[in-house]
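Grab a viewer and work through these exercises with the structure open. Try each task yourself before you read the solution.

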Amino acid sequence: MTNPSFTLSLTAEPEHIDELGHVNNAVWVQWIQTVATSHWYATAPERYRDAFIWVVIRHEIDYLRPALVGDVVTGRTWVDEAPRGARFDRFMEFTGRDGKLLVRARTTWAMLDKASGRPQRITTEIVAPFLGN
């Protein structure tokens, strides 16, 4: 079974552009967070959205091609592996209108209990919609 993915389109605005004329690396990191959290809010049941929050603990990013002002990019994310305790890895790709890969990333997220701020073990039930189970 293939894991369900989530996509979101983003547009490179003038404030996203660095002195080299392309989307700044820090903006890509923000977009990774935007796409990932949008996936959580679109997929997780409300009881989990209300109880838990995610924090990034690791980013591994490959910058392959630049995006320029006005470019529309599609961010696609998916979860490919079972969680490890309070953590799970999320995979991400950003492509341009031509379908060429611009950026790819693997990020590790930890789930926290909103009330206590403490890490919370990710159960099979919580991750099932992301793994296609």
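**Exercise 1. The aromatic cluster**

Which residues form one aromatic cluster with Trp 40? Find them, then work out the geometry of the pairs around Trp 40.

Solution. Keep in mind that this is a predicted model.

Step 1: the cluster is made up of Trp 40, Trp 54, Phe 88 and Phe 130.

Step 2: count the aromatic pairs, taking ring centres within 6.5 Å as the cut-off. You should end up with eight. One of them is Trp 40 with Trp 54, with centres 5.4 Å apart and 75 degrees between the planes. Planes over 60 degrees apart count as edge-to-face, so that's the label for Trp 40 and Trp 54.

Step 3: place the two rings. Trp 40 belongs to helix α1 and Trp 54 to strand β2 (residues 52-63), so their pairing links parts 14 residues apart in sequence. Trp 40 and Trp 54 are both buried.

Step 4: now go to Phe 130. Its ring centre is 5.9 Å from that of Trp 40 and the planes are at 10 degrees, so this pair is stacked. Phe 130 sits in helix α3 (residues 124-131) and Trp 40 in α1, so here the parts tied together are 90 residues apart in sequence. Like Trp 40, Phe 130 is buried.

**Exercise 2. The nonpolar core**

Which residues in the largest nonpolar core touch the most other members? Trace the elements that contribute to this core.

Solution.

Step 1: the core holds 32 residues, and the ones touching the most other members are Trp 28, Trp 31, Trp 40, Val 73 and Phe 94.

Step 2: two or more residues come from each of β1, α1, β2, β4 (87-95), β5 (101-113) and α3. The top contributor is α1, with seven residues.

Step 3: zoom in on Val 73. Skipping neighbours within four places in sequence, Val 73 is in contact with Leu 8, Ser 9, Leu 10, Trp 28, Trp 31, Ala 67, Phe 94, Thr 95 and Leu 102.

Step 4: look at α3 from the inside. Its buried residues include Ile 126, Val 127, Ala 128, Phe 130 and Leu 131. The buried residues of α3 pack against α1, α2 (46-51), β2, β4 and β5. Right after α3 comes Gly 132, with a positive phi near 80 degrees.

**Exercise 3. Strands side by side**

In what sense do β3 and β4 pair, and over how many bridges? Carry on to β5 and check the turn.

Solution.

Step 1: β3 and β4 pair in the antiparallel sense, over five bridges. For a landmark, Arg 76 stands opposite Glu 93 in β4.

Step 2: β4 and β5 are also antiparallel, over nine bridges. Here you can use Phe 94, which stands opposite Val 103 in β5.

Step 3: the hairpin of β4 and β5 has five residues between the strands, and Gly 99 takes a positive phi near 85 degrees there.

**Exercise 4. Two residues, two settings**

Is Thr 77 buried or exposed? And what about Arg 106: buried, partly exposed or exposed?

Solution.

Step 1: Thr 77 is found in strand β3 (residues 72-78). Its relative accessible area is 0%, so Thr 77 is buried.

Step 2: the side chain of Thr 77 reaches the backbone oxygen of Phe 91 at 2.8 Å. Beyond four places in sequence, Thr 77 touches Pro 4, Ser 5, Phe 6, Val 35, His 39, Arg 90, Phe 91 and Met 92.

Step 3: Arg 106 is in strand β5. With 30% relative accessibility, Arg 106 counts as partly exposed. C-alpha to C-alpha, Arg 106 and Thr 77 are 9.5 Å apart in space, and 29 residues separate them in sequence.

Step 4: list the contacts of Arg 106, again leaving aside neighbours within four places: Arg 58, His 59, Glu 60, Glu 81, Asp 89, Arg 90 and Phe 91. With Glu 81 there's a side-chain polar contact of 2.9 Å.

**Exercise 5. A histidine in a loop**

Where is His 16 placed, and which residues does it touch?

Solution.

Step 1: His 16 is in the loop between β1 (5-11) and α1 (25-43).

Step 2: its relative accessibility is 14%, so His 16 counts as buried.

Step 3: not counting residues up to four places away, His 16 touches Thr 11, His 22, Val 23, Asn 24, Val 27 and Trp 31.

Note on methods:
Residues are numbered from 1 along each chain as its sequence is written. This is a predicted model: local features need pLDDT of at least 70, side-chain atom pairs count only at pLDDT 80 or more; totals for chains, interfaces and linings use all residues. Side-chain values use heavy atoms; hydrogens and water are left out. Helices (H or I, at least four residues) and strands (E, at least two) are DSSP runs, numbered from the N terminus. Buried means under 20% relative accessible area, exposed over 50%, partly exposed in between (1.4 Å probe, protein chains only). Contact means heavy atoms within 4.5 Å. Rings of Phe, Tyr and Trp (its six-membered ring) pair if their centres lie within 6.5 Å; planes under 30 degrees apart count as stacked, over 60 as edge-to-face and the rest as tilted. A nonpolar core is a set of buried Ala, Val, Leu, Ile, Met, Phe, Trp, Tyr and Cys residues joined through side-chain atoms within 4.5 Å. A polar contact is a pair of N or O atoms within 3.5 Å; within protein, one must be able to donate a hydrogen and the other to accept it, and residues adjacent in sequence count only if both atoms are side-chain atoms. Two strands pair if DSSP finds at least two bridges between them.
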